[in-house]
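Open your viewer and get ready to select. This tour goes stop by stop.

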Amino acid sequence: MSGFPEFIYRNDELFIESVPLKQIAEKFGTPCYVYSRNALTQAYQEFDSAFADRNHLICYAVKANSNIAILNLLARLGSGFDIVSGGELQRVIRAGGDPHKTVFSGVGKTIDEMKMALDIGILCFNVESEAELVALNHVANSMGKIAPVSLRVNPDVDAKTHPYISTGLKENKFGVPSDEAMRIYQSAHAYPHVRFSGLDCHIGSQLTELTPFMQASNKLLDLLNTVQSAGLTITHLDLGGGLGIRYRNESPPSIKEYVSALCASTQSVSQRLLIEPGRSLIGNAGILLTRVGYLKHTPARNFAIVDAAMNDLMRPALYDAYHDILPVIKDMQATTNYQIVGPVCETGDFLGHDRNLHLAQGDLLAVMSAGAYGMSMSSNYNTRPRAAEVMVDGSITHLIRRRETTEQLIGSECLLP
Ligand code: LLP
């Protein structure tokens, strides 16, 4: 067992659905991101069915993995989207996503992005400051439109996650404090080109407990009461994303437990519920496939230098994040303690420390749980073309992103005259 349902060892060889990973490496090369269509579909359906008959909309957080094939698959399943840039909006449209099911989050929306979203007609702007609200009201006025708005409330709740991905504490840059949100909602008449249609919060990512979600939702409900008594009609509550996944030994709530808890905590109100999951939909549906280039044994440590690096998967370098690393072909021979590192010129360029594996040059490794915030955070550091992406559907493989070429990297640069 690999511990990940769509990634299964058969006769000691690792498969994704019905396809041997070795075959994918031979056909598409390495490094390569590989996703299971089935794992993604199942995760979406678990979310959807957990809402039962509650009026809801799942807005996939595009930033987790923005490949248009993934967005298209989710759109076909009925998903909406949470975007944070004009670029992500264009991806949603290109993928056949419905703008009327799209919410726009982020602290720094530009005027051009506001115009694009108003022109296309999105479901809601999740506004993160009074200054942004003033700007949006102004842009909507200039276009003769009314902008649908939720204020993103910062509920000052400790999400108990890595500090870089905790967003709901009062010292974080996100959202507006509850009392300020209240004041803004009460002065709604000052923004005639805005319709306040929702309340929003998102407290962080990779949460492994329900309590912070409940605390945030309770704060939103308190605010809802006061906002409604001020005479505003609030039609939806957006509870954000953040449900964690198992990378190693975490035991986050299941999708069903999480959604049921959100529904239960909001059962006294009838507003449509929105959520913005990213990682919990795609994280464990994808891996990064990489090949060992060299083994290097020094008196202090043993290194396996692989062809994927921090530019392909930044999470270990950035958050000291743990990703399981599995051999594509398992054998029973004695293992050695390895540092799994990439070719990039930084000591922070590692995919895993102290992994006990039996390795030879040319072996393939699967870096697990890499579907979310893997490809979408990749870079071209060291002028490394970005990896290919492949989607597996049963016994069929689809190339959903060609490997980048060096020419694509250099082509937009110019020499001085
Ligand atoms: N909604 C908003 C407004 C967000 O900022 C995020 C993630 C999400 C939803 C989706 O959260 P999720 O369900 O994926 O936890 N790069 C980091 C994660 C950054 C998350 C940023 N915001 C990582 O690799 O762990």
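The stops below run from the ligand outward and end at a cavity.

This is a predicted model, where local features need pLDDT of at least 70, side-chain atom pairs count only at pLDDT 80 or more, and totals for chains, interfaces and linings use all residues. Residues are numbered from 1 along each chain as its sequence is written, and side-chain values use heavy atoms, with hydrogens and water left out.

**Stop 1: the shell.** Select the residues around the ligand, those with a heavy atom within 4 Å of it. There are 19 residues, and Ser205, Glu276, Arg315, Tyr319 and Tyr373 come nearest. By class, six are nonpolar, seven polar and six charged. Here Ala, Val, Leu, Ile, Met, Phe, Trp, Tyr, Cys and Pro count as nonpolar, Asp, Glu, Lys and Arg as charged, and the others, Gly among them, as polar.

**Stop 2: the domains.** Color 7-36 + 283-410 as domain 1 and 105-277 as domain 2. Both give residues to the shell, so the ligand lies between them. The bounds come from an automatic or database domain assignment.

**Stop 3: backbone atoms.** Select glycine 242: a backbone N or O atom there lies 2.8 Å from a ligand oxygen atom. At glycine 278, a polar backbone atom is 2.9 Å from an oxygen atom of the ligand. At arginine 279, the distance from a polar backbone atom to a ligand oxygen atom is 2.8 Å.

**Stop 4: the cavity.** Which residues line the largest cavity? Select Cys201, His202, Ile203, Phe213, Ala216, Ser217, Leu239, Gly241, Tyr258 and Leu262. A cavity is a set of points, on a 1 Å grid over the protein atoms alone, where a 1.4 Å probe fits but cannot get out; lining residues have an atom within 4 Å of a point.

Definitions and conventions:
Polar contact = N/O pair within 3.5 Å; in protein donor to acceptor, adjacent residues only side chain to side chain. 1 Å grid on protein atoms, 1.4 Å probe; cavity = no way out; pocket = protein on both sides within 12 Å on 5 of 7 lines; lining within 4 Å.
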